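Q: I have a sequence and a model in front of me, and I would like to learn how to read them. Where should we begin?

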Amino acid sequence: MGAELNLLPISKWFNNIELDYLLIAGPCSAESQLQMIETAQAIHEVKRVTVFRAGIWKPRTRPGSFEGVGAVGLPWLQEVKNKFGLLTATEVATPEHIKQAIYHGVDILWIGARTTANPFSIQALADALIGVDIPVLIKNPVNPDIQLWVGALERINKAGITKLGVVHRGFFPFEKTELRNIPKWEIAIELKEMFPELPMICDPSHISGNSEFVPFIAQKALDLNMNGLMIESHINPSVALSDAKQQLSPTELLKLFDELIFRRTATNGNSSDKFIDKLREKIDLIDIQMLDLLAQRMDIISDIGKYKQQNNMSILQLRRWQNIIKSRIAYGEKVGLKKDFVKKILQIVHKESINKQSDLYQHRKPFNK
Ligand code: PEP
Ligand code: MN
């Protein structure tokens with residue numbers, strides 16, 4: 001089913017502020033006035049951040065965890081806005097939340113992943129947004145169902161919200177993974193293809209679940225030409241009342257923003273640039289897919305290595321290697337790749353595979369090391 005959205009670019013969301021990226025940072029939850037002001041002060045010093053986030057009402061998976069301070073935290077957000085000139089954003093899950101957030105001058109509302117998964121809730125929020133002019137960001141639903149995400153966009157857009165964007169925060173992992181939520185970049189890309197004008201930002205914090213992975217995921221999102229980032233940052237992450245492991249300290253946030261490479265988006269370029277940008281986007285995507293595939297290949301290599309070790313087999317199976325070379329070169333020639341080029345790539349990949357398996361055999365020195 002084809003869908004259309006009536007959208008305004010981020011640059012037109014706010015009077016007097018022309019944003020090309022939406023860079024949002026702030027604590028998972030508002031905890032106290034002091035925590036908010038201290039965090040905002042530090043984030044204000046990370047010059048690129050323009051929006052301060054804080055969860056006032058927290059949708060927790062199990063009751064008994066910290067469920068947010070509630071409406072008493074809204075004046076703290078207002079204070080952050082007045083003191084530091086940062087725009088403010090918070091999560092809304094009920095029509096009452098919308099009313100209260102707007103009353104306290106919140107600049108951007110976001111709808112959380114658990115809410116996006118429920119069309120009844122989304123419709124109730126859409127009804128409450130009729131006649132309101134405020135930017136709304138819709139996080140992807142917890143389950144990887146793109147239609148649910150599109151449905152939420154349609155409902156909110158139909159209510160008249162044209163300052164509309166999405167937040168890619170990953171999907172609940174059914175498999176065991178290092179990351180808290182699986183990115184499934186292909187779903188984000190599919191949505192972008194359906195709605196090329198739809199601003200899409202990434203939330204590396206909820207994808208990572210651990211502050212250590214945040215820079216890598218953030219860079220990957222920028223490399224995929226996303227329109228911004230939402231990053232959780234707390235003045236003292238170790239004592240945070242929610243999501244302590246994934247929040248960055250302001251120092252870590254500053255370092256991250258120093259190191260991130262922001263790509264010029266196609267919208268800033270002239271028309272000939274746009275042509276190149278489009279092609280480059282494709283190349284970037286292919287490179288990322290190539291690396292993902294190589295990583296998958298290496299995982300399989302490890303499994304084979306373990307099996308060989310348990311069954312006392314040698315690492316190098318010459319016949320198999322010769323067949324690989326022959327068949328891949330033949331395939332490469334069919335798709336227009338030179339023999340020599342394919343051979344060199346295979347040799348590099350093979351060498352790395354042998355090294356990986358050698359690491360499992362403690363009594364052997366890694367190949368060529
Ligand atoms: C959050 O941003 O703190 C949050 C609860 O996110 P999500 O809805 O993505 O889980
Ligand atoms: Mn959080």
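A: Begin with a ligand and its surroundings. This is a predicted model, and the residues around ligand 1 are C28, R53, K58, E91, W110, G112, A113, R114, K139, R169, H206 and E232.

Q: Which side chains have a polar atom 2.8 Å from an oxygen atom of ligand 1?

A: To read a polar contact, look for a pair of N or O atoms within 3.5 Å. K58 has a polar side-chain atom 2.8 Å from an oxygen atom of ligand 1, and K139 also has one at 2.8 Å from an oxygen atom of ligand 1. For R169, the distance from a side-chain N or O atom to an oxygen atom of ligand 1 is 2.6 Å.

Q: Now the metal. Which residues are the protein donors of the manganese ion (ligand 2)?

A: To read a metal site, look for the atoms that act as donors. Here they are SG of C28, NE2 of H206, OE of E232 and OD of D243, at 2.1 to 2.4 Å from the manganese ion. Of these residues, C28, H206 and E232 are also among those around ligand 1.

Q: How are the donor residues spaced in sequence?

A: Their spacing reads C-x177-H-x25-E-x10-D. C28 sits in the loop between β1 (22-26) and α1 (33-44), while E232 is in strand β8 (residues 228-232), so this pair ties together parts 204 residues apart in sequence.

Q: Are C28 and E232 buried or exposed?

A: The cut-off for buried is under 20% relative accessible area. C28 is buried, at 1%, and E232 is buried too, with a relative accessibility of 1%.

Q: How do I read burial for the whole chain, and what percentage of its residues count as buried?

A: Apply the cut-off to each residue and take the share that passes. The chain has 369 residues, of which 48% count as buried. Its secondary structure comes to 13 helices and 8 strands. Along the principal axes, the C-alpha atoms fill a box of roughly 75 × 50 × 40 Å.

Q: How does one find empty space in a model, and how many cavities of 30 Å³ or more are there?

A: Rolling a probe the size of a water molecule over the atoms shows where empty space is left. In this model the count is 1 cavity of 30 Å³ or more. The volume of the largest cavity is about 40 Å³.

Q: Which residues line the largest cavity?

A: The lining consists of R297, W321, L346, V349, H350 and S353. By class, that is 3 nonpolar, 2 polar and 1 charged residues. Helix α13 (residues 339-360) gives the most to this lining, with 4 residues.

Q: Is there a general point about helices that helps when reading such a list?

A: An α-helix has 3.6 residues a turn, so residues three or four places apart point the same way.

Q: Turning to pockets, how much space lies in the second largest pocket?

A: A pocket is read as open space, whereas a cavity is space that the probe cannot get out of. The second largest pocket holds about 650 Å³ of space. It is lined by 21 residues, and those closest to its centre are W185, K220, D292, L293 and Q296. Elements that give two or more residues to the lining are α7 (185-194), α9 (214-223) and α11 (271-310). The most comes from α11, with 9 residues. By class, the lining has 13 nonpolar, 2 polar and 6 charged residues.

Q: Is α9 largely enclosed or largely open?

A: Count the buried residues in the helix. In α9, 7 of the 10 residues are buried, so the helix is largely enclosed by the rest of the structure. The buried ones are V214, I217, A218, Q219, K220, A221 and L222.

Q: What follows α9, and what is its phi?

A: Phi is a backbone angle, and its sign is the thing to read. N225 follows α9, in the loop between α9 and β8. N225 is not a glycine, yet its phi is positive, at about 65°. N225 is buried, with a relative accessible area of 11%.

Q: Where does N16 lie, and is N16 buried or exposed?

A: N16 lies in the segment before β1. N16 also has a positive phi, about 70°, although it is not a glycine. At 83% relative accessibility, N16 counts as exposed.

Note on methods
Residues numbered from 1 in each chain as written. Chains lettered and ligands numbered in written order. Predicted model: local features only at pLDDT ≥ 70, side-chain atom pairs only at ≥ 80, totals over all residues. Heavy atoms only, no water. Donors = N, O, S within 2.8 Å, 3.2 Å for Na, K, Ca; no water. Buried < 20%, exposed > 50% of the residue type's maximum accessible area, 1.4 Å probe, protein only. 1 Å grid on protein atoms, 1.4 Å probe; cavity = no way out; pocket = protein on both sides within 12 Å on 5 of 7 lines; lining within 4 Å. Points joined across faces, edges and corners; volume = space filled by probe spheres on them. Nonpolar A, V, L, I, M, F, W, Y, C, P; charged D, E, K, R; others polar. Near = heavy atom within 4 Å. Polar contact = N/O pair within 3.5 Å; in protein donor to acceptor, adjacent residues only side chain to side chain.
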